[in-house]
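Let's take a walk through this fold, one piece at a time. Keep the picture open while you read.

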Amino acid sequence: MLLNFTIWYQNIPLFSWLRDQVYGYPIALASHLVFISLFAAMIVMTDLRLLGVAFRNQPVSDIVNQLRAPKRIGFVLAATCGLLVFGLKSEEYYYNFSFRMKVLLFLLVGVHALVFRGPVYNRAAQLDNQPPSGTVKLAAVISMLLWAGIIIAGRGIGYIPAPLFSHHFE
């Protein structure tokens, strides 16, 4: 079922057209990497402030609230370019362990958001002027580990090929 989806997805006319362009894949991938870099920088800034190891002269609420909208925009741009990249090589990525790991880590980021949104991210003003609690530190460390894992898995997609004759493992 998922394999059928990937084949259908990569055969959407936009992706077929982009594959035929000399610079279609390189531009989509480069854009994806640029937006990931910008998004990741904002994530790291937020998490380091939550840990109390950077930007200590800034209230937690300033960092969290001021970076919220840019992070969302960065995520949407990175995800959009990521969907373009995926559309260009969907079937190939289907067999790639690193891609599967990246998807799993994205699911865990969703769980992280559900678990820590209320007690940490939506309470930024209450975190001002107090040392970070264990819950806050845990949220920040897990966030950095998950996003680092996503970036590492993403790079693995390009450098660790799927096994030969992957379709035999279906």
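How do α3 and α8 sit relative to each other, parallel or antiparallel? In this predicted model, the two helices pack at an angle of about 160 degrees, and their axes are 9 Å apart. An angle over 145 degrees counts as roughly antiparallel, so α3 and α8 get that label. The crossing of α3 past α8 is left-handed. On the α3 side, the contact is made by L33, I36, F39, A40, I43, D47, L48, L50 and L51, and on the α8 side by V136, K137, A140, V141, S143, M144, W147, I151 and R155. Sort those contact residues by type and you get 14 nonpolar, 1 polar and 3 charged.

Now for α3 and another partner, α4. These two pack at about 155 degrees, with axes 8 Å apart, which makes α3 roughly antiparallel to α4. This crossing is left-handed too. The residues in the contact of α3 with α4 come out as 22 nonpolar, 6 polar and 2 charged.

For a change of direction, look at helix α1, residues 2-10. Its angle with α4 is about 100 degrees, and the axes are 7 Å apart. That makes α1 roughly perpendicular to α4. Here the contact involves F5, T6, Y9 and Q10 from α1 and L83, F86 and G87 from α4. By type, the residues of this contact are 4 nonpolar, 3 polar and no charged.

Here are the three pairs side by side:

| Helix pair | Packing angle | Distance between axes |
|---|---|---|
| α3 and α8 | about 160 degrees | 9 Å |
| α3 and α4 | about 155 degrees | 8 Å |
| α1 and α4 | about 100 degrees | 7 Å |

Let's go back to α8 on its own. Does its length fit what a helix should give, and what is the distance between its end C-alpha atoms? Helix α8 runs over residues 134-159, which is 26 residues, and at 1.5 Å a residue it should span 38 Å. The end C-alpha atoms are 37 Å apart, so the span agrees with the expectation. You can try the same check on α3: it has 28 residues and reaches 40 Å from its first C-alpha to its last, close to the 40 Å expected.

Which residues of α8 are buried? They are V136, A139, A140, S143, L146, W147, G149, I150, A153, G154, G156 and I157. An α-helix has 3.6 residues a turn, so residues three or four places apart point the same way. Try spotting steps like that in the list. The cover over the buried residues of α8 includes α3 (24-51), α4 (60-88), α5 (90-94), α6 (97-116) and α7 (124-127).

One residue to pick out in α6 is H112. Is H112 buried or exposed? Its relative accessibility is 9%, and since buried means under 20%, H112 counts as buried. Apart from its neighbours within four places in sequence, H112 touches R117, Y121, A139, I142, S143 and L146. Of these, A139, S143 and L146 are also among the buried residues of α8.

The loops have a few things to show as well. Just after α3, G52 has a positive phi of about 80 degrees. A little further along, in the loop between α3 and α4, comes F55. Most residues other than glycine have a negative phi. F55 is not a glycine, yet its phi is positive, about 55 degrees. With 35% relative accessibility, F55 counts as partly exposed.

R123 sits in the loop between α6 and α7, and at 33% relative accessibility it is partly exposed. R123 and V60 are 63 residues apart in sequence, but their C-alpha atoms are 9.6 Å apart in space. N129, in the loop between α7 and α8, is exposed, with a relative accessible area of 84%. The C-alpha atoms of N129 and R56 are separated by 9.7 Å, although the two are 73 residues apart along the chain.

Finally, zoom out to the whole chain. It has 8 helices and 0 strands. The C-alpha atoms fill a box of roughly 55 × 30 × 25 Å along the principal axes. Of the 170 residues, 38% count as buried. Among contacts with a separation of 6 or more, 76% come from residues 24 or more positions apart.

Note on methods:
Residues numbered from 1 in each chain as written. Predicted model: local features only at pLDDT ≥ 70, side-chain atom pairs only at ≥ 80, totals over all residues. Heavy atoms only, no water. Helix = DSSP H or I, 4+ residues; strand = E, 2+ residues; numbered from the N terminus. Expected span 1.5 Å × (residues − 1). Buried < 20%, exposed > 50% of the residue type's maximum accessible area, 1.4 Å probe, protein only. Contact = heavy atoms within 4.5 Å. Axes fitted to C-alpha atoms, helices over the stretch in contact; angles between N-to-C directions. Parallel < 35°, antiparallel > 145°, perpendicular 65-115°, else oblique. Left-handed = near helix turned anticlockwise from the far one by under 90°. Nonpolar A, V, L, I, M, F, W, Y, C, P; charged D, E, K, R; others polar.
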